[in-house]
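Biologist: Could you take me through one part of this protein with some care? I would like a close account of the open sheet, what packs on it, and how that region fits into the whole.

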Amino acid sequence: MTLATLDLAADVKTILGDLGVKPERYTGGTLAVRSPVTGAEIGRLPEDTAESAAKAIDAAHQAFLEWRLVPAPKRGELIRLLGEELRAAKTALGRLVSIEVGKITSEGLGEVQEMIDICDFAVGLSRQLYGLTIATERADHRMMETWHPLGAIGIISAFNFPVAVWSWNAALAIVCGNSTVWKPSEKTPLTALATQAIFEKALTRYIAEGNSAPKNLSTLLIGGRDVGEVLVDHEKVPLVSATGSTAMGRTVGPRLAQRFARSLLELGGNNAAIVAPTADLDLTLRGVAFSAMGTAGQRCTTLRRLFVHDSVYDTLVPRLAKAYQSVTVGSPLEAGNLVGPLIDKAAFDKMKASLEAAKSAGGKVTGGERIEQDGAPDAYYVRPAIVEMPEQTGPVKEETFAPILYVMKYSDFDEVLRLHNDVPQGLSSSIFTNDMREAEIFVSDRGSDCGIANVNIGPSGAEIGGAFGGEKETGGGRESGSDAWRAYMRRQTNTMNYGRTLPLAQGVKFDVI
Ligand code: NAD
């Protein structure tokens, strides 16, 4: 089937219809959504206003007041059901992700699998929201810490992980006793509608099992930046977890700080890898190619800078260039294509501008040209680009959200570590080496300064078990696994006196009347 004959709007209608989403939620509105696969319009959603968003947040706060009273393991049961509903809807939601974002089929399905995995994680977590018992200096006392939910949690997400990011936040926030209010990217509201419908199915089953849960436990706001701002400024939202560009974080972070609300910022990445003299070059080639070209370079963890030791440069780089030339670019819905489209024309224009700037800085560009598709003049497919740079200058120090890999030569390990860390953004990183000392130094305190540091595996992709992210520019976000749950709760220290006296500080006397 050629792109010209694809009717993706009809596909969207079937998928959303099967999930119980009414057509008026995605037709006849003001927010137009285009599929990057064909460039054609696939939905038009009614948008929230500042007033409707504020009202929805108030309702979510009311939901929180009820939900916090439900014991945590019972809250976990809702997330267990959500995991089941996501398993049942995996194929449909995965396809919708591919249609709305342009991810190849396996990546669309992989994104839904991450949602399922975080649900499993959160179910176990619902029985492990541990606090410490702390040794106290006072006789007949016990001191302990307890963790309490925060309130209605704001979630702002980026287009490139349209549903997984919500689940990383929501699964944890909900077992922790919070409600959630989600403002997805204005480029990907259809997958959000589908996800909300899946959540509501789980909620219906939860209530049918004899449990009670408030309405508005999970709320969806549709709109752009202005609607996100309502979430950021609303006094009833104690934490906003915002995923997106560094530019967005720079606005959102200070606004939240101004009203002393918490922020969890997961922002951009200008991720690098080092290829050392002892690297297994076959493994390196696969690791580099996947991390740099996967999702058409539209991952926060995409590999963007590659430092290759001069002893292996002439062996590795021509092989890499060959892999770049041979990779199949085309419809993400067709098996065999490894690289799908860019999200839109603006992304293509930025890629072109970065390649021009790299050329001006002395870079040698291979690839990067647009690959036009029959019957889809508004879709932007590109051949991933390799740019051999004389040094780390110009656009190399910025995150361009497109498949551009800047390659540079190095000869000294300490110097390459310095260059590796010499960009403001730093999310993920890796080293390919079989030298144990280099590997250990890379993950040590004097090694990579990123939130993720890998050895013999590329920087892209993450498992939900580890806390994700930790962009150095922001001091680190970290959603998902490990002890990320603490961000969604407040810690309380309790001192219990089971004695008959009240010990006061030494020398203090109170005459009580
Ligand atoms: P973006 O910053 O343009 O938008 C992200 C979200 O923020 C959208 O929902 C948008 O409406 C909202 N937004 C923008 N300005 C806002 C404001 N002032 N107040 C409130 N909300 C606002 O990002 P994008 O183009 O959708 O996504 C790509 C970027 O996201 C890349 O930089 C990528 O690295 C980053 N990203 C990071 C992670 C991570 O976990 N670190 C994951 C995915 C994407």
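Modeller: What follows starts with the sheet and then widens to the cores and the domains.

The model is a predicted one, and the part you ask for is an open sheet of 5 strands, arranged in the order E7-E6-E5-E8-E9 with parallel pairing. At its edges are strand E7, residues 218-220, and strand E9, residues 262-266, each of which pairs on one side only. From one strand to the next, the twist averages 15°.

Within this sheet, strand E5 (residues 152-156) runs parallel to strand E6 (residues 179-183), and 5 bridges join the two. In that pairing, Ile156 of the model stands opposite Lys183 in E6. As a general point, the strands of a sheet pair through backbone hydrogen bonds, in either a parallel or an antiparallel manner.

Two helices can be described against these strands. Helix H6, residues 164-175, lies across E5, E6, E7 and strand E8 (239-243), and it runs at about 165° to E6. Helix H8, residues 225-233, also packs on the sheet, where it touches E5, E6 and E8, and its direction makes about 150° with that of E5.

The edge strand E9 deserves a separate remark, since Glu266 lies in it, and the UniProt record, an unreviewed entry, carries the annotation "active site" for Glu266. Is Glu266 buried or exposed in the model? Its relative accessibility is 3%, and because buried means under 20%, Glu266 counts as buried.

Turning to the wider setting, the domain assignment of the protein gives domain 1, made up of 3-267 + 471-493, and domain 2, which covers 271-465. Their C-alpha centres lie 30 Å apart, and 36 residues of domain 1 are in contact with 35 residues of domain 2.

The largest nonpolar core has 138 residues, and those with the most contacts inside it are Leu78, Leu82, Leu190, Val275, Leu306, Val308 and Leu405. Both domain 1 and domain 2 give residues to this core, so it lies between them. Apart from it lies another core, of 21 residues, which includes Ala60, Val181, Val230 and Leu256. Returning to the largest core, Leu82 is one of the residues with the most contacts inside it, and, not counting residues up to four places away in sequence, Leu82 touches Cys119, Trp166, Ile198, Phe199 and Ala202.

Definitions and conventions: Residues are numbered from 1 along each chain as its sequence is written. This is a predicted model: local features need pLDDT of at least 70, side-chain atom pairs count only at pLDDT 80 or more; totals for chains, interfaces and linings use all residues. Side-chain values use heavy atoms; hydrogens and water are left out. Two strands pair if DSSP finds at least two bridges between them. Helices (H or I, at least four residues) and strands (E, at least two) are DSSP runs, numbered from the N terminus. Axes are lines fitted to C-alpha atoms, for helices over the stretch in contact, and angles run from 0 to 180 degrees between N-to-C directions. Contact means heavy atoms within 4.5 Å. UniProt positions are given in the numbering used here, feature names are shortened, and annotations may be inferred rather than shown by experiment. Buried means under 20% relative accessible area, exposed over 50%, partly exposed in between (1.4 Å probe, protein chains only). A nonpolar core is a set of buried Ala, Val, Leu, Ile, Met, Phe, Trp, Tyr and Cys residues joined through side-chain atoms within 4.5 Å. Domain bounds come from an automatic or database domain assignment.
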